[in-house]
Amino acid sequence: MTFDFLCTGAYMDIRQEILNHMRTKRFALKVLSMVESVAGHHFYSLHHLGGAKTVREWGELAEDDPSQRTSQITVRICHDFEYAIAKVLKDSYGYDIVPKSSANNINGNFDVAVQKGETVLAFEVKTTQAKDWTGSTHSHKCGKVPFYALIQYDLDLDIPLGENSLHGLFKACHFSVTSPLEDGSAIIEWSGK
């Protein structure tokens, strides 16, 4: 089976079911809670080696250049979102998760792919603390899938370190789950900002 973005019938019903689940507050809160439950691990070493007491202090120790601190912190937890999304889709909704290997027959690079029956939806996951989104150019020729899970958040940088979980790390968050246009192309074209 090769994944085709332009299908009808049962595919559309299952596709809409998956998207509806991913667009709920319940889904977003489960993902956020799961990421917060393990986020402390990312800041553990400099908490012990350098004495960082908060995420802000961790950033100051990890990066001398203030303009790079936000990126350093974001990179620490971005992959957790991919795994949390997959885990919530599997554990809470019963979907199968498709491995990222090249043997999966999905056209394009993706971070999370979910399957129910013959229907497969593959998502690029983007996270940011920035007010404006940035990204690389998106096109079918670049090999990206046209579905996105976009997560924009504001962190409590003064949350104390020392625990494996950092519940309360996210002060605010916005989840968006996009669908491709009718022709199958991505609704988002990345070109810098």
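**Exercise 1. Which residues form one aromatic cluster with F27?**

Work on the predicted model shown above. Then classify the ring pairs and the burial of their members.

*Solution.*

Step 1. Count the pairs. The whole structure holds eight aromatic pairs.

Step 2. Take F27 and Y93. Their ring centres are 6.4 Å apart, with the planes at 45°. Planes under 30 degrees apart count as stacked and over 60 as edge-to-face, the rest as tilted. This pair is therefore tilted.

Step 3. Place the two rings. F27 sits in helix 2 (residues 25-38), and Y93 sits in helix 5. The pair therefore ties together parts that are 66 residues apart in sequence.

Step 4. Take Y93 and Y95. The centre-to-centre value is 6.4 Å, and the planes make an angle of 25°. This aromatic pair is stacked.

Step 5. Check burial. Buried means under 20% relative accessible area. F27 has 1% relative accessibility, so F27 is buried. Y95 has 2%, so Y95 is buried. Y93 has 16%, so Y93 also counts as buried.

Step 6. Assemble the cluster. F27, Y93, Y95 and F175 belong to one aromatic cluster.

**Exercise 2. Lay out the sheet and place helix 5 against it.**

*Solution.*

Step 1. List the elements. The chain has five helices and five strands. Along the sequence they follow α-α-α-α-α-β-β-β-β-β.

Step 2. Order the strands. The five strands form an open sheet in the order 1-2-3-4-5, with mixed pairing.

Step 3. Find the edges. Strand 1 (96-97) and strand 5 (170-178) each have a single partner strand, so one side of each has no neighbour in the sheet.

Step 4. Inspect one edge. Strand 1 pairs with strand 2 (residues 112-116) in the antiparallel sense, over two bridges. Here I97 faces V114 of strand 2.

Step 5. Add the helix. Helix 5 (residues 66-93) lies across strand 1, strand 2, strand 3 (119-128), strand 4 (147-155) and strand 5. Against strand 4, helix 5 runs at about 125°.

**Exercise 3. What share of the chain is buried, and what share of the exposed area do carbon and sulfur atoms supply?**

*Solution.*

Step 1. Burial. Of the 193 residues in the chain, 44% are buried.

Step 2. Surface. The chain exposes about 10,200 Å². Carbon and sulfur atoms supply 50% of that area.

Step 3. Contact range. Consider contacts between residues at least 6 apart in sequence. Among these, 65% join residues at least 24 apart. The pair F27 and Y93 spans 66 residues in sequence.

Notes
Residues numbered from 1 in each chain as written. Predicted model: local features only at pLDDT ≥ 70, side-chain atom pairs only at ≥ 80, totals over all residues. Heavy atoms only, no water. Helix = DSSP H or I, 4+ residues; strand = E, 2+ residues; numbered from the N terminus. Buried < 20%, exposed > 50% of the residue type's maximum accessible area, 1.4 Å probe, protein only. Contact = heavy atoms within 4.5 Å. Areas by Shrake-Rupley, 256 points an atom, 1.4 Å probe, with all protein chains shown as cover. Pairing = 2+ DSSP bridges. Axes fitted to C-alpha atoms, helices over the stretch in contact; angles between N-to-C directions. Phe/Tyr/Trp six-rings, centres within 6.5 Å; stacked < 30°, edge-to-face > 60°.
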